[in-house]
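Open the model in your viewer and keep the sequence panel beside it. We will walk from the whole chain down to single residues, one selection at a time.

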Amino acid sequence: MGHFTLGLGEKLQQYLLDHSLREPEICRRLRGYTLEMPNAAMLSSPEQVQLLALLCGMLGARRGLEIGTFTGYTTLRLTLALPELEMICCDVSEEYTSVGRTYWQEAGVSDRVDLRLAPAGDTLDRLLAEGARDSFDFAYIDADKTGYRGYIERALQLVRPGGLIAVDNTLWGGAVADPAEQDEDTVALRELNRWLHGLEACDLSMVPVGDGLTLLRRR
Ligand SMILES: C[S@@+](CC[C@H](N)C(=O)[O-])C[C@H]1O[C@@H](n2cnc3c(N)ncnc32)[C@H](O)[C@@H]1O
């Protein structure tokens, strides 16, 4: 199973990739390696990460947060695209992130990646306690779905005004629009989307790329 991409259909999806993807060779290798892993579906889709790289480039981003790092693909792609970018990466899995560390090292970006192995809520609380308020240019939220709201509430304090908060999986394979789907993650994402739609602290766009990516610009 590969990373999840919403239904353009196989042919058009391939066309999109053939005509837009500019993936560094080491990112393609990390993606290929990750796609052989049992939880490959957790990998962020390459066209979505390329969009993030474009947006972060437009922001002139120098400090970013990734909440849910997995095998490090997004951070590898972003740090290669933006030579000044420093990332704080949150995850709880030594096993997944050790793959990322290997590739970050090989790519020569590991000195710009600060991996925090702890529940993301704890890491974000610690950053706030250390005075990191308004100090990040963007945050990418892609960890446990029931935790998203708490991560976004903290990211709204950590990301500077004008900065970006990108939230993955907001269309959740279409399940959010199907009232018959009542599992915990789907319910949490449905509630989250309702909350985000009314959130006045941000400009918002819900983009049907990957598994649905909601872009928030902090006002
Ligand atoms: C969908 S994957 C992230 C994919 C990644 N952004 C990428 O570029 O491919 C979700 C990750 O969140 C991590 N995770 C789950 N619960 C977490 C928590 N409470 N705190 C931090 N990370 C968590 C998992 O270990 C997993 O690696």
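Begin with the whole chain and its contacts: among those with a separation of 6 or more, 71% join residues 24 or more positions apart. Please keep in mind on every stop that this is a predicted model.

**The whole chain**

Switch to a cartoon view and you can trace eight helices and seven strands in the protein chain. Along the principal axes, the C-alpha atoms fill a box of roughly 45 × 40 × 30 Å. How does the radius of gyration agree with that of a compact globule? For 219 residues such a globule would have a value near 17 Å, and the protein chain, with 16 Å, agrees.

Now turn on the surface. The accessible surface is about 10,500 Å², and carbon and sulfur atoms hold 51% of it. Of the 219 residues, 51% are buried.

Next, colour by charge. The protein chain has 22 positive and 33 negative charges, and the mean positions of the two sets lie 6 Å apart.

**Salt bridges**

Side chains of opposite charge can pair when their charged atoms come close. The structure holds 13 salt bridges, and we will visit some of them.

Select arginine 154 and aspartate 125. Their side chains form a salt bridge, with 2.7 Å from N to O. Arginine 154 belongs to helix α7 (residues 148–158) and aspartate 125 to helix α6 (residues 120–129), so this pair ties together parts 29 residues apart in sequence. Are these two residues buried or exposed, or something in between? Arginine 154 is partly exposed at a relative accessible area of 21%, and aspartate 125 is partly exposed at 37%.

Move on to arginine 218 and aspartate 134. In this salt bridge the closest N and O atoms are 2.6 Å apart. Arginine 218 sits in strand β7 (residues 213–218), while aspartate 134 is in the loop between α6 and β4 (136–141), so the bridge ties together parts that are 84 residues apart in sequence. Arginine 218 counts as buried because its relative accessibility is 17%, under the 20% limit for buried residues. Aspartate 134, at 37%, counts as partly exposed.

Now pick aspartate 137 and arginine 160, whose side chains meet in a salt bridge of 2.7 Å, N to O. Here strand β4 supplies aspartate 137 and strand β5 (residues 159–168) supplies arginine 160, so parts 23 residues apart in sequence are tied together. Aspartate 137 is buried, with 10% relative accessibility, whereas arginine 160 is partly exposed at 24%.

For one more charged stop, select Glu25, Arg29 and Glu106 together: salt bridges with shared partners join these residues into one network.

**Helix α4 and the glycine before it**

Which residues of α4 are buried? Select Tyr73, Thr74, Thr75, Leu76, Arg77, Leu78 and Thr79 to see them. Seven of the nine residues of α4 are buried, so the rest of the structure largely encloses this helix.

Then click on glycine 72, in the loop between β1 (63–67) and α4 (73–81). Glycine 72 is buried, with a relative accessible area of 0%. What does glycine 72 contact, leaving aside its neighbours within four places in sequence? Show Leu30, Gly100 and Trp104, and you have its contacts. Draw a distance line from glycine 72 to glycine 100: they are 28 residues apart in sequence, and their C-alpha atoms are 4.2 Å apart in space.

**Threonine 186 in helix α8**

Go next to threonine 186, which you will find in helix α8 (residues 184–197). Threonine 186 counts as buried, at 1% relative accessibility. Show Trp172, Ala175, Val176 and Glu181 around it: threonine 186 touches these residues, not counting those up to four places away in sequence.

**A long line to finish**

Last, select leucine 35 in helix α2 (residues 25–35). Leucine 35 is partly exposed, with a relative accessible area of 27%. How far is leucine 35 from leucine 204, 169 residues apart along the chain? Draw the line between their C-alpha atoms and you will find a separation of 31 Å.

Note on methods: Residues numbered from 1 in each chain as written. Predicted model: local features only at pLDDT ≥ 70, side-chain atom pairs only at ≥ 80, totals over all residues. Heavy atoms only, no water. Helix = DSSP H or I, 4+ residues; strand = E, 2+ residues; numbered from the N terminus. Rg over C-alpha atoms; globule rule 2.2 N^0.38 Å. Buried < 20%, exposed > 50% of the residue type's maximum accessible area, 1.4 Å probe, protein only. Contact = heavy atoms within 4.5 Å. Areas by Shrake-Rupley, 256 points an atom, 1.4 Å probe, with all protein chains shown as cover. Lys, Arg positive; Asp, Glu negative; His and termini not counted. Charge placed at Lys NZ, Arg CZ, Asp CG, Glu CD. Salt bridge = Lys/Arg side-chain N within 4 Å of Asp/Glu carboxyl O.
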